[in-house]
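Hi,

Here is the structure I promised to send over. Have a look at it first, and then read on for my notes.

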Amino acid sequence: MKKISSFIVVFLFLANTSLYSQKVANKDNYTAQIQEEEGDLNKDKRNDRIVVEMDVKDDTRPLRVQIFLSQPDKKLQLAVSSTKLIESQYPANKKGEHNGNPIPGLFIEDGTLKMLTNINDRKSSYEFRLNKNNFELVKISRVFWNGKNTTFETIIDLIAKTKIEFQQELGSDEILNKRKKEIKINALPKIQDLSFSDLEKF
């Protein structure tokens, strides 16, 4: 299946890139650069930038996501800074233990921002669109493999306000047990307001 194969390839890539390099980034404690991604998010034909950094002085190893957008003067301006979008590597509630999951990857694809996570073997893709200087969550795709012969998939469209769930057998394109329902969304969530736990609740 092409969809499952692409998920596997991407997450193998993420697992490899979680071995990050140390770089001095700012005067604050977020001095380890985990990821940097460039691409055009605001459709001005100039590169914008996403930076993920870790505070290595804090025992919990929190992570910060920053998004810089290009301006008419060709300089980059900070548009989003969040320390709650990605879970700390050693959360306080784990009492010194690792959270058990790879660091999510952020990508720019076709002018949209995507974040890929692998939480407890459930792989999710979150898609954000830039609208009036806000990055709004518009789509969530998830896949979970039961370790045998079946994948369980979910597609949530926050604009259409629908949630579709279905199953597939490995090696088959046939969709099984498809279920569709409407969901209640008053307003599209903004990336700066979301935490990693908020995303997992969808």
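Below is what I found in it, going from the overall layout to single residues.

Please keep in mind that this is a predicted model. The protein has two helices and eleven strands. If you follow the chain from its start, the pattern reads α-β-β-β-β-β-β-β-β-β-β-β-α. Of the 202 residues in the protein, 43% are buried. The exposed surface comes to about 11,800 Å², with carbon and sulfur atoms supplying 48% of it. Among contacts with a separation of 6 or more, 39% are between residues 24 or more positions apart.

**The four-stranded sheet**

One open sheet has four strands in the order 1-2-3-4, with antiparallel pairing. Strand 1 (30-39) and strand 4 (76-82) are its edge strands, each pairing on one side only. From one strand to the next, the twist averages 20°.

Strand 3 (residues 63-70) is a good place to zoom in. Six bridges pair strand 3 with strand 4 in the antiparallel sense, and Gln 66 stands opposite Ser 81 in strand 4. Strand 3 and strand 4 form a hairpin with five residues between them. In that turn, Lys 74 has a positive phi of about 70°.

Is Val 65, which lies in strand 3, buried or exposed? Val 65 has a relative accessibility of 2%, so it counts as buried. Leaving aside neighbours within four places in sequence, Val 65 is in contact with Ile 50, Val 51, Val 52, Val 80, Ser 81, Ser 82, Leu 85, Ile 86 and Leu 106. To take one of these, Ile 86 is 21 residues from Val 65 in sequence, and their C-alpha atoms are 7.9 Å apart.

**The seven-stranded sheet**

The other sheet I want to point out is an open one of seven strands, in the order 5-6-7-8-9-10-11, with antiparallel pairing. Strand 5 (105-109) and strand 11 (176-182) stand at the edges with a single partner strand each, so one side of each has no neighbour in the sheet. Ignoring direction, neighbouring strands of this sheet are turned by 20° against each other on average.

Within this sheet, strand 7 (residues 122-131) and strand 8 (residues 134-145) run antiparallel and are joined by ten bridges. Lys 123 stands opposite Val 143 in strand 8. When you look at the strands, remember that side chains alternate between the two faces of the sheet in a regular strand.

**Charged residues**

How many salt bridges does the structure hold? There are eight salt bridges, and these are the ones I would show you:

- Glu 38 and Arg 49 form a salt bridge whose closest N and O atoms are 3.0 Å apart. Glu 38 lies in strand 1 and Arg 49 in strand 2 (residues 48-55), so the pair ties together parts eleven residues apart in sequence. Glu 38 counts as partly exposed at 40% relative accessibility, and Arg 49 counts as partly exposed at 27%.
- Arg 122 and Glu 200 form a salt bridge, with 2.7 Å between the closest N and O atoms. Because Arg 122 is in strand 7 and Glu 200 is in helix 2 (residues 196-201), this pair ties together parts that are 78 residues apart in sequence. Arg 122 is partly exposed, with a relative accessible area of 26%, and Glu 200 is partly exposed too, with 25%.
- Arg 129 and Glu 136 form a salt bridge with the closest N and O atoms 3.0 Å apart. Arg 129 counts as partly exposed at 33% relative accessibility, whereas Glu 136 is buried, with a relative accessible area of 9%.
- Asp 28, Glu 53 and Arg 64 are joined into one network by salt bridges that share partners.

One charged residue is worth a separate look. Glu 87 sits in the loop between strand 4 and strand 5. Glu 87 is buried yet has no salt bridge. Which side chain of opposite charge is nearest to Glu 87? That is Lys 94, 6.4 Å away. Leaving aside neighbours within four places in sequence, Glu 87 is in contact with Leu 63, Asn 99, Asn 101 and Phe 196.

Happy to go through any of this with you over coffee.

Best wishes

Notes
Residues numbered from 1 in each chain as written. Predicted model: local features only at pLDDT ≥ 70, side-chain atom pairs only at ≥ 80, totals over all residues. Heavy atoms only, no water. Pairing = 2+ DSSP bridges. Axes fitted to C-alpha atoms, helices over the stretch in contact; angles between N-to-C directions. Buried < 20%, exposed > 50% of the residue type's maximum accessible area, 1.4 Å probe, protein only. Contact = heavy atoms within 4.5 Å. Areas by Shrake-Rupley, 256 points an atom, 1.4 Å probe, with all protein chains shown as cover. Lys, Arg positive; Asp, Glu negative; His and termini not counted. Salt bridge = Lys/Arg side-chain N within 4 Å of Asp/Glu carboxyl O.
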